[in-house]
Amino acid sequence: MMPSSEKRKRIKNIYKILEKKKLSGMLLFNRSMALNPNYFYFTGSKKTGFLIINKKSKKLYTFGKEKGAEEIKDLNELPKMKYKIGIDENRITADLYKKLKKITKARFIDISKELEELRAIKSKWEIKQIKNACKLKKKIYLEMKRNISKKQTELQLKAKINEIFANHGVVEA
């Protein structure tokens, strides 16, 4: 789980992008069936929802309960951000884009490139997570090597692999 200090650093970086591009806010959308990596990066959540960062009020808004964010239930409850709003054009449907355009009356600016650049630079916490994952991968690989034989069926092999993963606390991403 992402520590709140890490989340705060990431949000702080968003405010820098908003300042640089003279945006009044940012809007990200996530569907649980089509995970938006930028939404996950800033919230640590895989839930369906919006992440709205309003530069003026310095508030986070989400559909559904998220720690440190104000919950909204409907698109019409979106804070009235005027002017220019940053969006991830790579992760928004045309239908949703039209609805948002109608509701907000704002001009949308694509910030997908800036979001990707932000995610490319790894923090100390992220580097530690990657190192831990590599150590765990090696452990699991060696254990699998010891416990898997050519005589096992595909189903037996899958069950054994899942058991080894579970024994190490690995959950599906």
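How many cavities of 30 Å³ or more does a search of the whole structure find? The search returns 2. Before the interior is examined, the standing of the coordinates should be made clear. The model is predicted, and the mean pLDDT of the protein chain is 84, with 87% of its residues at 70 or more. Confidence varies along the chain: among its elements, helix 4 (residues 112–120) has the highest mean pLDDT, 95, and strand 3 (residues 59–63) the lowest, 67. Where pLDDT is low, the predicted coordinates should not be read in detail.

The strand pairing may be followed from strand 1, which comprises residues 25–30. Strand 1 runs parallel to strand 5 (residues 84–87), and 3 bridges join the two. Within this pairing, M26 has G86 of strand 5 as its bridge partner. Strand 5 also pairs in the parallel sense with strand 6 (residues 107–110), here over 4 bridges. In that pairing, K84 stands opposite R107 of strand 6. The connection from strand 5 to strand 6 passes through helix 3 (residues 94–104), and this β-α-β crossover is right-handed.

Strand 1 also takes part in enclosing interior space. The second largest cavity holds about 50 Å³, and strand 1 provides the largest share of its lining, 3 residues. Which residues line this cavity? The lining consists of L27, L28, F29, N36, F50, I87, D88, R91, I92 and L100. By residue class, the lining of the second largest cavity divides into 7 nonpolar, 1 polar and 2 charged residues. Two of the elements already described meet here: I87 belongs to the lining and falls within strand 5, residues 84–87, while L100 is also a lining residue and lies in helix 3, residues 94–104.

Charged side chains provide a further view of the model. Side chains of opposite charge can pair when their charged atoms come close. With a nitrogen-to-oxygen limit of 4 Å, the count comes to 6 salt bridges. One of the pairs to examine is that of E6 and R10, whose side chains meet in a salt bridge at 3.1 Å, N to O. Why are E6 and R10 separated by about one helical turn? The reason is their spacing in helix 1 (residues 4–20): E6 and R10 are 4 residues apart there, which means a separation of about one helical turn.

How values were computed
Residues numbered from 1 in each chain as written. Predicted model: local features only at pLDDT ≥ 70, side-chain atom pairs only at ≥ 80, totals over all residues. Heavy atoms only, no water. Pairing = 2+ DSSP bridges. Right-handed = clockwise from strand over helix to strand, strands pointing away. 1 Å grid on protein atoms, 1.4 Å probe; cavity = no way out; pocket = protein on both sides within 12 Å on 5 of 7 lines; lining within 4 Å. Points joined across faces, edges and corners; volume = space filled by probe spheres on them. Nonpolar A, V, L, I, M, F, W, Y, C, P; charged D, E, K, R; others polar. pLDDT = per-residue confidence, 0-100.
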